[in-house]
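Biologist: I'd like to learn how to read the empty spaces and the packed parts of a protein model. Could you walk me through it?

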Amino acid sequence: MKLLKKIRNIYLIDVFLNLKGNPRACIWLEPLWGIPYNLYVPYVALFQASLGMQPSDIGIVTSIFYASQAIASVLSGVVTDKLGRRKTTLIFDTLSWSVPTFLWMFAQNKYWFMAAALFNGLWEITDNSWGLLMIEDAESDKIVHMYSLTSVMGLIAAFFAPISAVAVDRFGVTSTMRVLFGITCVMMTTKFVTLYLWSKETQVGIRRMAATRNKSIFTSLIELRDVFLKIIKDKRIVLTLGIMAAFSLVNALSTDYFGLYLKNKLFIAESNMALFTMVKSIVRLLCMFLFARVISTDRFLRPMTCAWVMFILGQIILLVNPGGALAMPLAFVQVVFEAIALSILYPMTSSILFLNVDKEERARINGLILALVSLVTSVFPALIGLMADYNLNVPFIAMVLVYDLAIYLTIEIHKLPKKEETP
């Protein structure tokens with residue numbers, strides 16, 4: 001009994017157990033998405049390479065993915081207000097995850113990945129609607145911790161990582177990935193349907209559906225001009241946009257090239273990729289529980305700056321790794337640095353946008369901001385991929401430069417006067 005009481009007193013666990021309504025439905029079902037996603041992600045680049053794709057091809061696919069995101073993001077606020085948070089989430093979760101995982105399962109060349117990227121980019125619509133479904137009827141002081149919990153739900157996959165490592169070692173990366181994508185398609189689709197049945201429309205969602213009932217989507221899109229002007233006039237939101245773009249780009253580059261770098265530059269076996277994923281996930285889990293009480297959007301300068309610096313140091317350690325006997329130990333050090341940084345950056349960057357905009361206009365403002373983030377970042381993966389054909393150091397040097405810019409943007413936000421009221 002004492003042990004159970006101590007466990008309940010751990011802050012994030014206490015938040016998790018006391019969730020109600022939509023936050024409970026969104027977070028409790030998240031393992032059905034997070035576990036398969038985190039199992040296949042470490043091997044995606046290796047799977048693409050096994051089908052004959054070059055680093056430049058991977059970069060082009062990522063740019064298509066971001067271009068699709070940009071278009072989807074513009075539509076996301078309008079569609080979310082028109083259809084409601086629940087229905088939008090069901091429809092576009094299915095299109096952006098069930099369809100791509102099905103295509104990846106049978107992929108034969110880069111064109112399959114290009115087609116899947118067009119569908120996968122639609123996730124920006126559901127990222128907006130799902131986030132609103134989770135937070136709109138929730139207590140505002142719990143939002144950052146709710147995003148931490150969504151990450152924790154996916155990081156549970158770390159305990160299943162050895163299974164994928166054994167499978168890759170025995171059956172090869174291509175066969176293993178096809179099976180993982182099939183399992184992912186089934187698990188995610190189950191999650192989408194169950195969430196729709198379990199959740200209910202938010203109060204803001206009901207009001208926005210009523211307000212847009214007799215308004216066409218085309219008319220709503222025209223009205224976005226005023227929303228766009230509102231965004232670019234708000235320095236806080238513009239700086240937030242820059243931070244989100246930096247985080248999004250670096251996350252894409254790390255996913256695309258980390259495995260290739262370990263294999264081609266440091267000659268680390270493919271089957272070991274799961275070990276790095278497992279260590280990263282476990283460290284992130286531990287840090288999220290340790291930092292839960294200190295992570296807050298009211299006190300963001302020090303934790304976010306420390307996180308940016310930790311990530312930069314991790315990339316520098318990777319770049320100076322001489323290989324040989326030091327290859328694995330130094331790669332693990334880099335992974336630990338990155339994991340500590342991500343345990344702070346993910347919940348902070350995910351929640352900072354929702355907390356900095358008017359709650360009645362969240363859907364449309366969030367959609368436009370996500371569109372701008374996608375546009376800003378869409379061109380870079382293709383360019384960096386072309387340079388990576390000649391030198392795989394380029395993506396990691398780019399990450400260091402981008403996060404140097406992120407530190408500057410974080411300091412600039414801190415200098416702004418504190419908002420009088422947080423929605």
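Modeller: Let's take cavities and then nonpolar cores. This is a predicted model, where local features need pLDDT of at least 70 and side-chain atom pairs count only at pLDDT 80 or more, while totals for chains, interfaces and linings use all residues. Residues are numbered from 1 along each chain as its sequence is written, and side-chain values use heavy atoms, leaving out hydrogens and water.

Biologist: How many cavities of 30 Å³ or more are there?

Modeller: Rolling a probe the size of a water molecule over the atoms shows where empty space is left. On a 1 Å grid over the protein atoms alone, a cavity is a set of points where a 1.4 Å probe fits but cannot get out, and its lining residues have an atom within 4 Å of a point. Grid points are joined across faces, edges and corners, and the volume is the space filled by probe spheres set on them. Here, two cavities reach 30 Å³ or more, and the second largest holds about 40 Å³.

Biologist: Which residues line the second largest cavity?

Modeller: Among them are Arg86, Asp93, Phe192 and Ser199. Helices are DSSP runs (H or I, at least four residues), numbered from the N terminus. Helix α7 (85-105) gives the largest share, four residues.

Biologist: And which residues touch the most other members of the largest nonpolar core?

Modeller: A nonpolar core joins buried (under 20% relative accessible area, 1.4 Å probe, protein chains only) Ala, Val, Leu, Ile, Met, Phe, Trp, Tyr and Cys residues through side-chain atoms within 4.5 Å. In the 80-residue core, they are Tyr40, Tyr43, Met177, Leu262 and Tyr403. Helix α15 (residues 235-264) supplies the largest share of this core, twelve residues.

Terms used:
1 Å grid on protein atoms, 1.4 Å probe; cavity = no way out; pocket = protein on both sides within 12 Å on 5 of 7 lines; lining within 4 Å. Helix = DSSP H or I, 4+ residues; strand = E, 2+ residues; numbered from the N terminus. Buried < 20%, exposed > 50% of the residue type's maximum accessible area, 1.4 Å probe, protein only.
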